[in-house]
Amino acid sequence: MQRGKLKIFFSYFYKTAKTKAMLSEIIEKYHLKYRVLIIDAQCDDTQMNQEIIHMNHIVIDDQLSFNINSILKMNPEIVVIDQIENFDLYSIEKLLEVGINIYATLNVFNILSMNQYLSEKFNILTHEKTVPDYFFNQADEVEFIDIPPKELLLRLEPYEQYQWVTEENLKYFRTIALDKLIDHNKYSHKKLIESNLQFLVCISPSPSAIRSIEWTARNAQAFYASWKALYITTNKHKNNIQDIKKIEEYENKVHELGGEFVRITANNIDAAIIEYAKLTGVTNMVIGKSRTVNYRFPFRLTTLESKIINAIKGIELHIIPNYDYGTKKYEYKPKKTSSRVWKDILLSVLITLFATAICFLINFNTDEFNEGLIYLMAVLLISRFTKGYIYGIATSFISFLIFLYLFVQPNFTFNVSQVDSWVTFGIIFITSIMTSMITSQIKSDKESNVSAITELEKLYTFNQELLKVDDKLEIINLMKAFFKNEFGGESTFYDIDNNQIVNEPAQNDHIEAVQWMIINHQEVGNATKLFSNIDTTYFPIIISKKIIGAVSITGLNLQTFKDYDYLIRVILYQTGLAIEKETLKIHRQKLSEIASQEIVRSNLLRSVSHDLRTPLTSIYGMITTIIEQETITRDEIVNNLASARDDIQWLIRMIENLLSITRINQETQKVMKNLEVVEEIVSESVIRVRKRFPKAKIKVKIPNDVLLVPMDGTLIEQVIINLLENTIKHGKNVQNIILSVDDEQDKVIFKVSDDGKYIDLNKIENLLKDTQTIEYGDKGTKHSGIGLLICKTIIQAHQGQFSFYKNQENGITFYFTLPKGDHDEFK
């Protein structure tokens, strides 16, 4: 399907008659019989508006009625929208993908980068909606609607909201708009250029995050490069509500600007950033930077930028400063106390009280005991069984105060005169804090490692299972079982060939979602923000930038998908690789079969040429003798004609054999089967052979029960006739020929045996391989054995086996098998 065209009527301010110019072109399209749908587009020309209304086109006055499904049902060729920044870009993109042309208007300050620039310069237009720069640059056609600034200023006079506008402002806006138009023209000529640059912006919940994203989008677009935004969260903040909201905000912003959003969970943020950059081959990295002190790590000596520069050679690092530092104070927002917090507080209090009680008991029995060791043990227990290190530090401080108040002379006062007591418990206090922090870090790392190891074990198990299967259906069933076990929902695989889905979903809204996924190579459904109204999530399986299939998973929601994003993508990628490997294997087998068929075909042609030339030469010689020899007797004429008749009969049999091969499908190498009675096939074959060779002694042995086998009856008759005639004509001293049929569990075996002397078995084996020419009979006449080769070809087309063996005494046995198959499919 050809993509629709996007045409933008572009100008530098309001009231430049963009909408009128657009509607004028629409009237021309209407007269050319185009189906046009106009959505919320009216100009200041009342006469033109009335003319359009009477064109019987559908006009939607409310832009909120911009419903994709409704528009698709109307099947317009052109959709007209005013002020494109007010509409959903995903929906517009989808209309373009299905071949619908879009006509729209746009002002220069409604382009994201221009809005930011003009807002900072004039402190205006800050609340205007915008479209990303890449969307404007990818427009197929941009028509600039120009009007002199003086004339436009007169048009704006009646409107209060534009009283701030001056002629100088309009001239500046006009210059900016023309520059942007030039940028679009440059991009339209260079957009097919592939850049080797890859931008990566690292973001966190900081004021510079949005600024960093926008800066990366602008520069990636300028260099025609791809870009991604990387957000790394720790296990501690993984389910933090505020962080989740920030992540959603950043993800929406990245998608709006045409980038890819990546979320990773890791405890060591710096190491995760560096490792991801190495794995993805990033050439330019962007990070935000604030000049405020990091109070969590005030003694940090090595900065992130230093680590990046030292770890990744040749990378370009861009630092985006937070310009709001010093002007925005940190605003404390109290967090809601969860039940886990109260449990940890209660546990800390109980352990501290228990340690104090032990210290009292020990003090009654001895005076020479350091109570600090008991409190140190309490701190260790609290750090072990509570979440975070704040409880351990708080307990250390409280224990220090209790120790001074209760156990240091003078008791029940904080006036301590003994220096050694201060030093001793001061050391214990510092040790408690350090121990608490280390214990908490070990716990956090352990939780992270357990989570990572669990995912790795799942991936390893799945990969091991994939290695055991070699069938596409088994691969898909294995993937389905994995997703059912993990998420409890059902999954379905969809084949996609040349961007067309083979087995479409039943629901129409699902079909639209899948088509959007195929076009954009992005997951859609209820676990995403695209087509979230459907009850399933669809994931593309992409191998080497080509989508080979899709998987729908039920039971996922937005949070579950975010938590298991990496696991799902790896499983889908491994499944895709396994399917692609199996597809390539089948393709190689087909190529091998085609090569083998070509060899057989060329050998067959060579053999047929040889076998046809010999009898034709003989017939020609005998007829020439009869015509040209005047003294020839009647007996000689009769003998020559009899020989010619034999050769002609041989030629007829050869042609019948060749025609039998045409019944085999050349692409699938299979035949059309029907259930046939074996006794009838054998009887018909023997009758036909006895007509030609009445003196042949043929014994038939078949089962008493009626035996039905799926086959092409005509071809199997040809095989039996060939084998019987081969034995009669080319066997030496044959007295008896036995044709037998054996019924086994899953197949039927046909055998043709004789008791005579035969040619060398090695020659027959070579003959069946490549149709070598071998000697038959006493006269040493040359024959290619094409009859045996045709027998083998017919049996292989029936998925059977064809071979031979030497009898224990005299003679040889040719045999072939036919599978019984499932009789129900032939009823």
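Here are some short exercises on the predicted model above, each with a worked solution.

**Exercise 1. Get the overall picture: how many helices and strands does the protein have, and what share of its residues is buried?**

Start with the secondary structure: it comes to 25 helices and 25 strands. Next, look at burial: of the 827 residues, 43% are buried. Then turn to the surface, where the protein exposes about 46,800 Å², with carbon and sulfur atoms supplying 53% of that. Last, check the contacts: among those with a separation of 6 or more, 69% are between residues 24 or more positions apart.

**Exercise 2. Work out how the rings of Phe 10 and Phe 144 are arranged, and which strands they sit in.**

You'll need two values here, because a pair of aromatic rings is described by the distance of the centres and the angle of the planes. By the counting rule used here, there are 19 aromatic pairs. In the pair of Phe 10 and Phe 144, the centres are 6.1 Å apart and the planes make an angle of 55 degrees. Stacked needs under 30 degrees and edge-to-face needs over 60, so 55 degrees makes this pair tilted. Now find the two residues in the chain: Phe 10 is in strand β1 (residues 6-11) and Phe 144 is in strand β6 (residues 141-144). That puts them 134 residues apart, so the pair links distant parts of the chain. Finally, burial: Phe 10 has a relative accessible area of 0% and is buried, and Phe 144 is buried too, at 18%.

**Exercise 3. Classify the ring pair of Phe 13 and Tyr 14: what do its distance and angle tell you?**

The centres of these two rings are 5.5 Å apart. Their planes are at 75 degrees, so you call the pair edge-to-face. Both residues are buried, with Phe 13 at 0% and Tyr 14 at 15% relative accessibility. Zoom out and you'll find Phe 13 and Tyr 14 in one aromatic cluster with Phe 109, Tyr 159, Tyr 162, Trp 164 and Phe 173.

**Exercise 4. Compare three salt bridges: where in the chain do the partners lie?**

The total by the rule is 14 salt bridges. Take Asp 146 and Arg 174, whose closest N and O atoms are 2.5 Å apart. Asp 146 is in the loop between β6 and α7, while Arg 174 is in helix α8, so the pair links parts of the chain 28 residues apart. Both are partly exposed: Asp 146 at 39% and Arg 174 at 26%.

Move on to Glu 167 and Lys 171, with an N to O distance of 3.6 Å. Both lie in helix α8, four residues apart, or about one turn of the helix.

Your third pair is Glu 214 and Lys 253, at 3.3 Å. Glu 214 lies in helix α9 and Lys 253 in helix α10, so this bridge ties together parts 39 residues apart in sequence. Both Glu 214 and Lys 253 are buried.

**Exercise 5. Describe the surroundings of Thr 537: is it buried or exposed?**

First, place Thr 537: it lies in strand β15 (residues 537-543). Its relative accessibility is 0%, and buried means under 20%, so Thr 537 is buried. Then look for contacts beyond its neighbours within four places in sequence: among them are Val 524, Asn 526, Val 551 and Leu 556.

Conventions. Residues are numbered from 1 along each chain as its sequence is written. This is a predicted model: local features need pLDDT of at least 70, side-chain atom pairs count only at pLDDT 80 or more; totals for chains, interfaces and linings use all residues. Side-chain values use heavy atoms; hydrogens and water are left out. Rings of Phe, Tyr and Trp (its six-membered ring) pair if their centres lie within 6.5 Å; planes under 30 degrees apart count as stacked, over 60 as edge-to-face and the rest as tilted. Buried means under 20% relative accessible area, exposed over 50%, partly exposed in between (1.4 Å probe, protein chains only). Contact means heavy atoms within 4.5 Å. Accessible areas come from the Shrake-Rupley method with a 1.4 Å probe; for residues, only the protein chains shown count as cover. A salt bridge is a side-chain nitrogen of Lys or Arg within 4 Å of a carboxyl oxygen of Asp or Glu.
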